[in-house]
Amino acid sequence: MSIRDSRLIVNTVINLARLQQVLAEVGLQFSGDVSFEMPADVVYSDLYAPRLFFFRALLKKK
């Protein structure tokens, strides 16, 4: 089954707190279990200060 067939949304964000707020506002939720712990191999960029961290989320409608 593809992501399109399952009607899921893949989102890459840099502000996890803002993502949580927006999800509540637009009626979306995480597709499964969520961990908000930052892994040792987190993807980041030093292009701007402060360092930007990138998170991916699989989302679905409530």
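Guide: Buried means under 20% relative accessible area. This is a predicted model.

Visitor: Which residues of helix 2 are buried, and what do they line?

Guide: Helix 2 covers residues 16–26. Its buried residues are Leu16, Leu19 and Leu23. Seen down the helix axis, they fall within an arc of 45°, so they line one face of the helix.

Visitor: Which residues are exposed on the other side of helix 2, and which strands do the buried ones pack against?

Guide: The other side of helix 2 has Ala17, Ala24 and Glu25 exposed. The buried residues pack against strand 1 (9–13), strand 2 (28–30) and strand 4 (52–61).

Visitor: What is found at the start of helix 2, and which phi does Gly27 take just after helix 2?

Guide: At the start, a side-chain oxygen of Asn15 comes to within 3.3 Å of the backbone nitrogen of Ala17. Just after helix 2, Gly27 has a positive phi of about 80°.

Visitor: How do the rings of Phe30 and Phe36 pair?

Guide: The centres of Phe30 and Phe36 are 6.0 Å apart. Their planes make an angle of 75°. Planes over 60 degrees apart count as edge-to-face, so the pair of Phe30 and Phe36 is edge-to-face.

Visitor: Why is the pair of Tyr44 and Phe53 classed as it is?

Guide: The ring centres of Tyr44 and Phe53 lie 6.4 Å apart. Their planes stand at 55°, so the pair is tilted.

Visitor: Is Tyr44 buried or exposed, and which residue lies over its face?

Guide: Tyr44 has 43% relative accessibility, so Tyr44 counts as partly exposed. At 3.9 Å from its ring centre, the residue over the face of Tyr44 is Arg51.

How values were computed. Residues are numbered from 1 along each chain as its sequence is written. This is a predicted model: local features need pLDDT of at least 70, side-chain atom pairs count only at pLDDT 80 or more; totals for chains, interfaces and linings use all residues. Side-chain values use heavy atoms; hydrogens and water are left out. Buried means under 20% relative accessible area, exposed over 50%, partly exposed in between (1.4 Å probe, protein chains only). Helices (H or I, at least four residues) and strands (E, at least two) are DSSP runs, numbered from the N terminus. The arc is that of the directions from the helix axis to the C-beta atoms. Contact means heavy atoms within 4.5 Å. A polar contact is a pair of N or O atoms within 3.5 Å; within protein, one must be able to donate a hydrogen and the other to accept it, and residues adjacent in sequence count only if both atoms are side-chain atoms. Rings of Phe, Tyr and Trp (its six-membered ring) pair if their centres lie within 6.5 Å; planes under 30 degrees apart count as stacked, over 60 as edge-to-face and the rest as tilted. A charge sits over a ring if NZ of Lys or CZ of Arg is within 6 Å of the ring centre and within 35 degrees of the ring normal.
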